Amino acid sequence: MNCQYCNSLCQKAGKQANGRQKYLCKSCKKYQQASYQYIACKTNVKVLFMKCLKTGNSLRGIQTITGIALTTQIRWIRKIGKAVKPRCYYRINDEYELDELCTYVKNKEKRRWVISAISKSSGQVVDIKVGTRTAKNLEVVVKKILHLTPRAIYTDRLSAYRSLIPKEIHRIKHRGINKIERYHLSLRTHIKRLNRKTICYTKKEDILNSLIKIYAWY
Ligand SMILES: [Zn+2]
């Protein structure tokens, strides 16, 4: 058998608990099987999973359709969410839009916001922060933008922005944050737990954080 990662020769290396033959790759030292019983171990299943995640499916729905267990899905989301990084090309003198999207964690008493910033010229998401709508959290995103030497930053009328963004580049205009509001509408449609008028709230804040990063950057 050839290795599924590096295509070099494998040798037999004992058996799984379910009786299937295990193989060990001589060059990359990875254990593997010729065929798998559990669907999540098969190749291309992850591709299907990522597509399902970004098209408004719940984790339970994905489990029903694909057969990938909830715990596996959550493990994957955490792992990929940690690894993804913004894939944008920054320009000097660009204009940015900042906005917050409200959601709940666990129940309606615990409100959380997705604070994101996008470039006005390319429409790419530059930074994301999930948490409460405090000046401290807003500052994390604002600082990142200021670091990119922007020509202007467009926000809504939230008073905390006034102290964080220098007056010369701060713009509060009618229809000034159209682009990011449209992006947040896409988030609401394509991420199941952000749908409006449902009782499906996210349970863990870090999973929400990972999902939003995966949607933007994966
Ligand atoms: Zn190998």
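This is a short tour of the structure above, stop by stop, with something to select at each one.

**Before you start**

The model is predicted, so local features are described only where pLDDT is at least 70, side-chain atom pairs count only at pLDDT 80 or more, and totals for chains, interfaces and linings use all residues. Residues are numbered from 1 along each chain as its sequence is written.

**Stop 1: the whole chain**

Show the full chain as a cartoon. Its secondary structure comes to 7 helices and 8 strands; helices (H or I, at least four residues) and strands (E, at least two) are DSSP runs numbered from the N terminus. The radius of gyration, taken over C-alpha atoms, is 22 Å, well over the 17 Å that the globule rule gives for 218 residues, so the chain is more spread out than a compact globule. That rule is 2.2 Å times the number of residues to the power 0.38. Along its principal axes the C-alpha trace spans about 70 × 40 × 25 Å.

Next, colour residues 1-37 as domain 1 and residues 95-203 as domain 2. These bounds come from an automatic or database domain assignment. The C-alpha centres of domain 1 and domain 2 lie 47 Å apart.

How much of the chain is buried? Of its 218 residues, 23% count as buried. A residue is buried if 20 or more other C-beta atoms lie within 10 Å of its own, exposed if 12 or fewer, and partly exposed in between, with C-beta atoms placed from the backbone.

**Stop 2: the three-stranded sheet**

Select residues 10-15 (strand 1) and 31-33 (strand 3), then add residues 21-25 (strand 2). The 3 strands form an open sheet in the order 1-2-3, with antiparallel pairing. Strands pair here if DSSP finds at least two bridges between them. Strand 1 and strand 3 stand at the edges, each with a single partner strand, so one side of each is left without a neighbour in the sheet. On average, neighbouring strands of this sheet are turned by 40° against each other, direction ignored; the axes are lines fitted to C-alpha atoms, and angles run from 0 to 180 degrees between N-to-C directions.

Now show Y23 as sticks. K12 stands opposite Y23, and the bridge partner of Y23 in strand 3 is Q32. Strand 1 and strand 2 are joined by 4 bridges, while strand 2 and strand 3 pair over 3 bridges.

Follow the chain from strand 1 to strand 2: the two form a hairpin with 5 residues between them, and G19 in the turn has a positive phi of about 95°.

**Stop 3: two residues with an unusual backbone**

Most residues other than glycine have a negative phi. Select N7, in the segment before strand 1; N7 has a positive phi of about 65° although it is not a glycine. N7 is exposed, with 11 other C-beta atoms within 10 Å.

Then jump to T149, in the loop between helix 4 and strand 7. T149 also is not a glycine, and its phi is positive at about 45°. With 12 C-beta neighbours inside 10 Å, T149 counts as exposed.

**Stop 4: I39 and its neighbours**

Select I39, in the loop between strand 3 and helix 1 (45-53). Is I39 partly exposed or buried? With 13 C-beta neighbours inside 10 Å, I39 counts as partly exposed. Measure from I39 to I68: they are 29 residues apart in sequence and 6.6 Å apart in space, C-alpha to C-alpha.

**Stop 5: I77 on helix 3**

Move to helix 3 (residues 70-83), where I77 sits. I77 is buried, with 23 other C-beta atoms within 10 Å. Which residues does I77 contact beyond its neighbours within four places in sequence? They are I207, S210, L211 and I214, where contact means C-beta atoms, placed from the backbone, within 7 Å. The C-alpha atoms of I77 and N209 are 9.8 Å apart, with their positions 132 residues apart along the chain.

**Stop 6: the largest nonpolar core**

Finish by selecting Y96, A117, I118, V141, I145 and I212, the residues with the most contacts inside the largest nonpolar core, which has 28 residues. Such a core is a set of buried Ala, Val, Leu, Ile, Met, Phe, Trp, Tyr and Cys residues joined through C-beta atoms within 7 Å. Elements giving it two or more residues include strand 4 (95-104), strand 5 (111-119) and helix 4 (135-147). Helix 7 gives the largest share, 5 residues.

Zoom in on I118: beyond four places in sequence, its contacts include Y96, V125, I180 and Y183.

Note on methods:
Two residues are in contact if their C-beta atoms, placed from the backbone, lie within 7 Å.
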